[in-house]
Amino acid sequence: MADRKTPKFNRDKTAFENMSDIWKSKAKTYFVRFDANSDGIHERKDYEAIIERLINHMKTHGIEPTKQQIERFNHTFIDTVWCESVAGGHDTGYDRKITMEEFCNNIAEHMIPNIEFCTGVTLQFASHIFDAIDLNRDNVLSLKEYSAFLGMLDVDEEHAKIAFLSINKGTGDTISREEFCNAYSDFWMNFEEGGIGENVLGPIVRW
Ligand SMILES: [Ca+2]
Ligand SMILES: [Ca+2]
């Protein structure tokens, strides 16, 4: 990711103020999609609800998640995303409430000094999601599988199709693991407009 421009950090501004407009909008998009109960606040229980949705999604399609897979979901969504990034590494219990502004600032603060580490985390996160949404286990994502995933995040089919086509850069009508992971990483780690992962979670919600 060395070719990507990382914002120069101005110490007089908040981490969020240092980020580009497109990054802020992508962060807002993520906030909206992963606000499981749509109350405008991120809490530990939103992340637990998303894990439950993923597990139920797999079970509905005849896949019993392994113990290791459930541990991975918990580690990724709760320990890494909720505790370290969203809640900023302190007070990570059930009473903690994070507004959209706090969310974006906490993520920016966590990311700016740890670009390489965070790129690794986003790739890993994407790979775990891929395992949960590749329902027929053929190691590629069909439009149907991708629409079902975005449906879990309340994105309609029409926009899921746009997202799918934007990620599918290769030939054929499926998304490879590499394409999905690169697009997801681009969503978070690219600070410029027009990245390959801009629509990975459906239409961008602008500020
Ligand atoms: Ca919520
Ligand atoms: Ca598949």
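Is R137 buried or exposed? Select R137 in your viewer and keep that question in mind as we start the tour. The model you have open is a predicted one, and the stops below take you through some of its loops and helices.

**Stop 1: two residues in loops**

R137 sits in the loop between α6 and β1. R137 has 7 other C-beta atoms within 10 Å, so it is exposed; the cut-off for that label is 12 or fewer. There is a second thing to look at here. Most residues other than glycine have a negative phi. R137 is not a glycine, yet its phi is positive, at about 60°.

Now select D91, in the loop between α4 and α5. D91 is not a glycine either, and its phi is positive too, at about 50°. D91 counts as exposed because 9 other C-beta atoms lie within 10 Å.

**Stop 2: helices α3 and α4**

Next, select residues 44–60, which form helix α3, together with residues 67–86, which form helix α4. Two packed helices are described by the angle between their axes and the distance between the axes. For this pair, the axes come within 10 Å and cross at roughly 155°. That angle makes α3 roughly antiparallel to α4, since angles over 145 degrees get that description. The crossing is right-handed.

Show the side chains where the two helices meet. From α3, pick R44, Y47, I50, I51, L54 and I55; from α4, pick I70, F73, N74, F77, I78, V81 and W82. What kinds of residue make up this contact of α3 with α4? They divide into 11 nonpolar, 1 polar and 1 charged.

**Stop 3: helix α5**

Move along the chain to residues 100–111, which are helix α5. This helix has 12 residues, and the distance from its first C-alpha to its last is 16 Å, close to the 16 Å expected at 1.5 Å a residue.

Which residues of α5 are buried? Colour F103, C104, N105, N106, I107, A108 and M111 to see them. The cover over these buried residues includes α1 (15–18), α2 (21–33), α4 and α6 (115–133).

For a contrast, pick E101, also in helix α5. E101 has 12 C-beta neighbours inside 10 Å, so it counts as exposed. Try a distance label from E101 to H75: these residues are 26 apart along the chain, and their C-alpha atoms are separated by 25 Å.

**Stop 4: the neighbours of α5**

Click on A15, in helix α1. A15 is partly exposed, because 19 other C-beta atoms lie within 10 Å and a buried residue needs 20 or more. Leaving aside residues up to four places away in sequence, A15 touches N105, A108, E109 and I112. Draw another distance label, this time from A15 to H110: they are 95 residues apart in sequence, but 8.8 Å apart in space, C-alpha to C-alpha.

Now add α2 to the view. How do α2 and α5 pack? Their axes are 10 Å apart, at an angle of about 120°, and the two helices are therefore oblique to each other. The crossing of α2 past α5 is right-handed. To see the contact, show K24, A27, K28 and F31 of α2 alongside M100, F103, C104 and I107 of α5. These residues divide into 6 nonpolar, no polar and 2 charged.

**Stop 5: helices α7 and α8**

Select helix α7, residues 143–152, and then α8. These two pack at an angle of about 120° with their axes 9 Å apart, so α7 and α8 are oblique to each other. The crossing is right-handed. L143, Y146, S147, L150 and G151 of α7 make the contact with E157, A160, K161, A163 and F164 of α8. This contact of α7 with α8 has 6 nonpolar, 2 polar and 2 charged residues.

**Stop 6: helix α9**

Finish at helix α9, residues 177–189. At 1.5 Å a residue, its 13 residues should span 18 Å, and the end C-alpha atoms are indeed 18 Å apart.

How many of the 13 residues of α9 are buried? The count is 10, so this helix is mostly covered. Colour F180, C181, N182, A183, Y184, S185, D186, F187, W188 and M189 to pick out the buried ones. Then bring back the elements they pack against: α2, α6, β1 (140–141), α8 (157–167) and β2 (175–176).

Methods:
Residues numbered from 1 in each chain as written. Chains lettered and ligands numbered in written order. Predicted model: local features only at pLDDT ≥ 70, side-chain atom pairs only at ≥ 80, totals over all residues. Axes fitted to C-alpha atoms, helices over the stretch in contact; angles between N-to-C directions. Helix = DSSP H or I, 4+ residues; strand = E, 2+ residues; numbered from the N terminus. Parallel < 35°, antiparallel > 145°, perpendicular 65-115°, else oblique. Left-handed = near helix turned anticlockwise from the far one by under 90°. Contact = placed C-beta atoms within 7 Å. Nonpolar A, V, L, I, M, F, W, Y, C, P; charged D, E, K, R; others polar. Expected span 1.5 Å × (residues − 1).
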